[in-house]
Amino acid sequence: MFYYLQYFSDSFWVLKYITVRSVAGAGTAFIAVLLLGPWFISFLKRQSIGDYGRREDAPPLYDLHAQKEGTPTMGGLLIIAAVTLSCLMWTDVGSAKVWMVLGSMWFMGLIGMLDDYKKVLGRDSKGLHSRGKLLLQVLWGIALVLALLANQDTAQKVQELTVPFFKYPVPMGVTFAFLFTTLVIVGASNAVNLTDGLDGLAIGCSSSVAISYLVMAYVAGHVAFAGYLLVPYIRGAGELAVFCGCLTGACLGFLWYNCHPARIFMGDTGSLALGGALATVAILIKQEIVLLIVGGVFVIEALSVILQILSFKLRGKRIFAMAPIHHHFQMKKWSETQVVVRFWILSIIFALLGILTLKIR
């Protein structure tokens with residue numbers, strides 16, 4: 001909305017700068033979450049929408065987190081609302097790319113909300129059936145590729161794979177584009193979801209990932225920078241930098257209430273929405289593989305679950321005391337704050353390494 005003021009008066013010339021709108025978007029989203037947080041937490045409490053767990057599902061973990069039962073959840077709705085409001089104010093709302101990312105955030109958030117609804121109000125700790133959840137995520141991945149193929153600006157790019165440290169993209173064709181893009185969407189959203197197990201862990205790591213993609217989106221949308229660094233130039237990618245700014249602000253605002261001891265959880269509503277949004281940004285600026293580096297903490301969390309399951313099925317033994325791996329460290333007597341802060345440190349390091357890949361070609 002404010003973006004268009006520059007066309008009505010020269011006094012608003014500063015709004016043409018992506019950097020200005022990214023910072024403004026971050027500030028708007030942060031303040032929105034900060035101001036709405038207390039009201040939203042009270043609303044969730046009045047509706048009895050609180051975290052629910054059963055001791056028989058994981059007794060050691062239940063004993064550690066028993067005091068958290070009843071903490072308001074589905075806080076992801078607050079993040080989604082703040083990001084949406086901020087984007088409407090500071091991005092070019094005529095940008096198809098912005099709407100694609102918002103669409104991913106909303107759709108994945110809806111899947112998470114259905115999951116949270118079944119867990120909380122249905123008193124079912126398992127939530128939405130994993131197959132149904134996976135099917136919906138795959139369908140969105142397919143829909144996203146179809147939308148990209150239908151757009152003249154993105155039809156060719158979606159069929160190319162950008163590999164870190166290589167100068168030129170690798171053609172992958174339509175079929176592999178469907179498979180790869182869907183894998184990125186499903187993998188990222190579920191990886192963030194698995195990481196969301198301790199106060200402030202997933203939201204803090206998401207902040208560093210969002211900031212790194214803000215930088216990468218800015219570079220991808222700048223002809224000179226993209227040419228100099230030999231990364232794909234994506235017309236209109238600068239607006240995704242503004243989106244990442246809005247997302248960063250919302251994450252930091254939510255962290256204000258989600259840090260230990262958390263007053264609210266984002267639930268699957270937030271974790272799936274964040275993962276879907278970040279994955280879509282990565283897809284649109286052709287930096288999907290870098291997501292493995294930037295989101296290193298998410299990757300480690302997901303791998304720990306996969307390895308734990310495979311090891312138990314093949315050998316009858318567990319590798320970790322508990323998976324995801326953040327619970328393993330809890331079982332090893334690390335305090336919750338120690339686990340979270342140390343994972344934040346790793347996340348920042350991974351984010352910096354991801355940005356560094358832009359320079360090395």
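**Overall build and two buried helices**

In this predicted model, the accessible surface of the protein adds up to about 16,300 Å², and 69% of that area belongs to carbon and sulfur atoms. On the inside, 52% of the 361 residues count as buried. Charged side chains come in two sets, 28 positive and 19 negative, whose centres lie 6 Å apart.

What about the overall dimensions? Along its principal axes, the C-alpha trace spans about 60 × 50 × 35 Å. The radius of gyration is 20 Å, which agrees with a compact globule, because a chain of 361 residues packed that way would come out near 21 Å. Contacts also link distant parts of the chain: counting contacts with a separation of 6 or more, 74% are between residues 24 or more positions apart.

As for secondary structure, the protein has 14 helices and two strands. Two of the helices are worth a look here. Helix H7 covers residues 201–220, and at 1.5 Å a residue its 20 residues should span 28 Å; the end C-alpha atoms sit 29 Å apart, so the expected and actual spans agree. H7 is also mostly covered, with 16 of its 20 residues buried.

Helix H9 takes up residues 238–258, which makes 21 residues. From its first C-alpha to its last, H9 reaches 30 Å, close to the 30 Å expected at 1.5 Å a residue. How many of the residues of H9 are buried? The count is 19 of 21, so H9 is largely enclosed by the rest of the structure.

Note on methods:
Residues are numbered from 1 along each chain as its sequence is written. This is a predicted model: local features need pLDDT of at least 70, side-chain atom pairs count only at pLDDT 80 or more; totals for chains, interfaces and linings use all residues. Side-chain values use heavy atoms; hydrogens and water are left out. Helices (H or I, at least four residues) and strands (E, at least two) are DSSP runs, numbered from the N terminus. The radius of gyration is taken over C-alpha atoms; the globule rule is 2.2 Å times the number of residues to the power 0.38. Buried means under 20% relative accessible area, exposed over 50%, partly exposed in between (1.4 Å probe, protein chains only). Contact means heavy atoms within 4.5 Å. Accessible areas come from the Shrake-Rupley method with a 1.4 Å probe; for residues, only the protein chains shown count as cover. Lys and Arg count as positive and Asp and Glu as negative; His and the chain ends are not counted. The place of a charge is taken as NZ of Lys, CZ of Arg, CG of Asp or CD of Glu. The expected span of a helix is 1.5 Å times one less than its number of residues.
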